[in-house]
Amino acid sequence: MTTEARIRIRQIDGYRFIVDFGAAIPDLLVDEAAPIGDDAGPHPEQLLVASVANCLCASLVFALGKYKQDAGDVQAEASCRVARNSENRLRVEGIEVAITLGASADEMPRVDSAISQFQRFCTVSESVQTGVPVSVAVRDREGRLLT
């Protein structure tokens with residue numbers, strides 16, 4: 001099965017663009033970070049990090065569901081490191097994602113099975129990390145590291 005994700009993007013002014021996801025989804029105003037842009041919307045690095053974190057969280061929820069594990073609310077914080085390469089060009093050097101489950105590992109007897117495989121379900125992070133390292137940590141409600 002092959003699927004396709006399609007958007008349209010249109011410049012408003014300067015570095016501000018409107019991203020059109022299609023009729024069923026509201027448009028999104030994006031911009032570059034200051035000092036280049038005006039911070040009027042998320043910038044490309046934030047969108048990349050959001051895509052990776054969202055996909056990982058959804059993949060974890062999917063894997064937990066396969067094992068009938070109720071993790072409660074799944075939350076994540078994510079960031080990326082941007083630095084200059086040897087040609088003095090800015091590049092994303094790495095992405096870190098910290099996922100927190102809303103339940104204790106003790107309440108999910110098969111959580112280890114889900115944790116051991118969920119990253120492989122994530123289309124975005126598995127694709128991105130061929131060029132950008134992605135590190136993932138999953139903790140339960142008590143803060144215990146599960147990965």
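# A guided tour from Ile-95 outward

Select Ile-95 first and display its surroundings: leaving aside residues up to four places away in sequence, Ile-95 is in contact with Leu-48, Val-52, Ser-79, Cys-80, Val-128, Val-132, Pro-133, Val-134 and Ser-135. The model on the screen is a predicted one. Ile-95 belongs to strand β5. Its relative accessibility is 1%, under the 20% limit, and Ile-95 therefore counts as buried. One of its contacts, Val-128, is 33 residues away in sequence, while the two C-alpha atoms are 9.6 Å apart in space.

**The sheet around β5**

Next, colour β4, β5 and β6. These three strands form an open sheet in that order, with mixed pairing. Which strands stand at the edges? They are β4 (75–84) and β6 (134–139); each has a single partner strand, so one side of each is left without a neighbour in the sheet. From one strand to the next, the twist averages 15°.

Now restrict the view to β5 and β6. Strand β5 covers residues 90–100, and six bridges join β5 to β6, the two strands running parallel. Two of the bridge pairs can be picked out by residue. Ile-95, the starting point of the tour, has Val-134 in β6 as its bridge partner, and Val-134 is also among the residues that Ile-95 touches. For Ile-99, the bridge partner in β6 is Val-138.

Keep β6 selected and show its side chains. In a regular strand, side chains alternate between the two faces of the sheet. In β6, Val-134, Val-136 and Val-138 point to one face and are buried. Ser-135, Ala-137 and Arg-139 point to the other face and are not buried. Both bridge partners named above, Val-134 and Val-138, are thus found in the buried set.

**Helix α1 over the sheet**

Add helix α1, residues 44–66, to the display. The helix lies across β4, β5 and β6 and runs at about 35° to β5. Within α1, select Ser-59. Is this residue buried or exposed? Ser-59 is buried, because its relative accessible area is 6%, under the 20% limit. Apart from residues up to four places away in sequence, Ser-59 touches Phe-118, Phe-121 and Cys-122.

**The strands β1, β2 and β3**

Move to the beginning of the chain and select β1, residues 8–13. Five bridges join β1 to β2, and the two strands run antiparallel. They form a hairpin with two residues between them. Gly-14, in the turn, has a positive phi of about 50°. Asp-13 stands opposite Arg-16 in β2.

Then extend the selection to β3. The pairing of β2 with β3 is antiparallel and spans three bridges. In this pairing, Val-19 stands opposite Leu-28 in β3.

Show the surface and select Ile-7, Ile-9, Phe-21 and Ile-25. Together these residues form a nonpolar surface patch with about 360 Å² of accessible area. Ile-25 is placed in the loop between β2 (16–20) and β3 (28–30). Ile-25 counts as partly exposed, because its relative accessibility is 46%, between the limits of 20% and 50%.

**Backbone features in the loops**

The last stops concern backbone geometry. Most residues other than glycine have a negative phi, and most peptide bonds are trans.

Select Pro-35 in the loop between β3 and α1. What kind of peptide bond joins Ala-34 and Pro-35? The bond is cis, with omega at about 10°.

In the loop between β3 and α1, select Asp-39. Asp-39 is not a glycine, yet its phi is positive, near 55°. With 46% relative accessibility, Asp-39 counts as partly exposed.

End the tour at Asn-88, in the loop between β4 and β5. Asn-88 is another residue other than glycine with a positive phi, near 65°. The relative accessible area of Asn-88 is 49%, and Asn-88 is partly exposed.

Conventions
Residues are numbered from 1 along each chain as its sequence is written. This is a predicted model: local features need pLDDT of at least 70, side-chain atom pairs count only at pLDDT 80 or more; totals for chains, interfaces and linings use all residues. Side-chain values use heavy atoms; hydrogens and water are left out. Patches are made of residues with over 30% relative accessible area and no salt bridge: like charges are joined within 9 Å, nonpolar side chains (Val, Leu, Ile, Met, Phe, Trp, Tyr) within 5 Å. Accessible areas come from the Shrake-Rupley method with a 1.4 Å probe; for residues, only the protein chains shown count as cover. A salt bridge is a side-chain nitrogen of Lys or Arg within 4 Å of a carboxyl oxygen of Asp or Glu. Helices (H or I, at least four residues) and strands (E, at least two) are DSSP runs, numbered from the N terminus. Buried means under 20% relative accessible area, exposed over 50%, partly exposed in between (1.4 Å probe, protein chains only). Two strands pair if DSSP finds at least two bridges between them. Axes are lines fitted to C-alpha atoms, for helices over the stretch in contact, and angles run from 0 to 180 degrees between N-to-C directions. Contact means heavy atoms within 4.5 Å.
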